[in-house]
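Subject: Handover of a structure

Dear colleague,

Please find below the structure that I am handing over to you. My notes on what was found in it follow.

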Amino acid sequence: MTDALVTKSKSKRGGKAAAGRLFVLELNAGRIHSMSPDGTDRKVIVTGCALPDGIVVDADAGHIYWTNMGSSPGANDGSIERADIDGRYRTSIVPRGITFTPKQLHLDSTNRKLYWCDREGMRVMRANLDGSQVETLVETGRGDADRRDQTRWCVGITLDPVRKQIYWTQKGPDNGELGRIFRAGLDLPWGQSADERTDIEVFFDRLPEPIDLELDLENRVLYWTDRGDPPRGNTVNRASIDAKPQAPEIVLTHLMEGIGIALDIPHKRMFVSDFAGSLYVAGLDGSKERTLLFAQGNLTGVAYAEL
């Protein structure tokens with residue numbers, strides 16, 4: 001992990017020794033949990049969220065940001081909020097009416113930007129950390145007819161600051177083997193629009209149902225969860241982004257609709273959540289898998305930070 005970008009795993013430098021902390025979203029109860037990396041010292045720090053899905057940590061500023069999918073799919077009432085690390089001083093960053101169904105969230109600390117995917121909005125979007133200057137970078141459809149086509153739904157997102165590219169998933173229908181991962185430049189090509197940009201590349205296609213993404217910048221490896229049917233679904237997968245293999249490597253199996261993923265590169269481990277309410281920790285190669293939480297509601301986004 002480089003210092004150029006804060007994603008879901010961040011080390012705070014200087015001063016006293018950093019202590020790791022996990023932040024996990026519980027969709028059905030609308031809560032944010034904070035806990036130690038071994039699952040102990042668990043606390044509910046935020047309640048009353050409207051279907052929370054994606055979360056990131058800005059360790060240097062002492063903030064968490066998360067997405068709320070809103071009251072119902074297809075309604076233009078998603079939002080993004082911010083609070084202090086302990087859940088206090090909660091504030092709206094992107095209010096309702098701007099994004100339909102915001103999903104995974106990514107923080108670019110260097111340029112002070114938030115990136116997210118808008119599922120029913122069929123968009124990849126970004127804004128300043130205060131919610132100003134909202135931009136649409138990719139638009140895969142428009143209107144109710146397109147919205148019913150799940151191959152247009154954008155879900156997971158991550159950034160490659162070296163090549164200045166965004167990666168995102170379009171999950172496709174449930175267990176449909178129509179999921180795809182795309183990449184494109186961080187900025188729109190000159191003179192082009194979000195719905196007609198020509199620099200979009202398919203990184204992988206014919207995936208069961210890819211969801212969240214996370215990039216190991218040190219080793220240039222992309223990780224993602226897939227909630228589709230086994231054997232390729234209900235898994236964590238990975239692939240080099242510089243020397244793309246013919247097929248991704250499956251490193252973790254037997255998830256119950258895998259959703260969130262966060263990497264802790266210094267400790268060579270990953271944290272993964274699934275919709276059945278489990279939270280796992282494992283090595284980056286899938287070894288030494290251990291269950292931290294079990295049957296704890298519908299878990300979605302997960303973030304790890306050293307504070």
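**Ser-34 and its surroundings**

Leaving aside neighbours within four places in sequence, Ser-34 is in contact with Arg-21, Leu-22, Phe-23, Asp-41, Arg-42, Lys-43 and Ile-45. Please note that this is a predicted model. Ser-34 belongs to strand E3, which covers residues 31-35. With a relative accessible area of 5%, Ser-34 counts as buried, because the limit for that class is under 20%. One of the residues listed above, Arg-21, also meets Ser-34 through a polar contact between the two side chains, at 2.7 Å.

**Confidence in the model**

The protein has a mean pLDDT of 93, and 94% of its residues reach 70 or more. Residues 1-7 call for caution, as the pLDDT there is below 50. In the model, this stretch nevertheless has 30 contacts beyond near neighbours in sequence.

**An open sheet of four strands**

I would next draw your attention to a sheet further along the chain. It is open and consists of 4 strands in the order E21-E22-E23-E24, with antiparallel pairing. Strand E21 (258-264) and strand E24 (290-293) stand at the edges; each has a single partner strand, so one side of each is left without a neighbour in the sheet. From one strand to the next, the twist averages 25 degrees. As general background, the strands of a sheet pair through backbone hydrogen bonds, in either a parallel or an antiparallel manner. Here, strand E23 (residues 279-283) runs antiparallel to E24, and 3 bridges join the two. Val-281, for instance, has Arg-290 in E24 as its bridge partner.

**The cysteines**

How many disulfides does a search of the whole structure find? The number is 0. Cys-49 is accordingly in no disulfide, and the nearest cysteine sulfur, which belongs to Cys-117, lies 20 Å away. Cys-49 is buried, its relative accessible area being 9%.

Why does Cys-117 form no bond with Cys-154, whose sulfur is the closest cysteine sulfur to its own? The two sulfur atoms are 5.1 Å apart, which is too far for a bond, because a disulfide requires them to be within 2.5 Å. Cys-117 is likewise buried, with a relative accessible area of 0%.

I hope that these notes will serve as a useful introduction.

Yours sincerely

Terms used. Residues numbered from 1 in each chain as written. Predicted model: local features only at pLDDT ≥ 70, side-chain atom pairs only at ≥ 80, totals over all residues. Heavy atoms only, no water. Buried < 20%, exposed > 50% of the residue type's maximum accessible area, 1.4 Å probe, protein only. Polar contact = N/O pair within 3.5 Å; in protein donor to acceptor, adjacent residues only side chain to side chain. Contact = heavy atoms within 4.5 Å. Pairing = 2+ DSSP bridges. Axes fitted to C-alpha atoms, helices over the stretch in contact; angles between N-to-C directions. pLDDT = per-residue confidence, 0-100.
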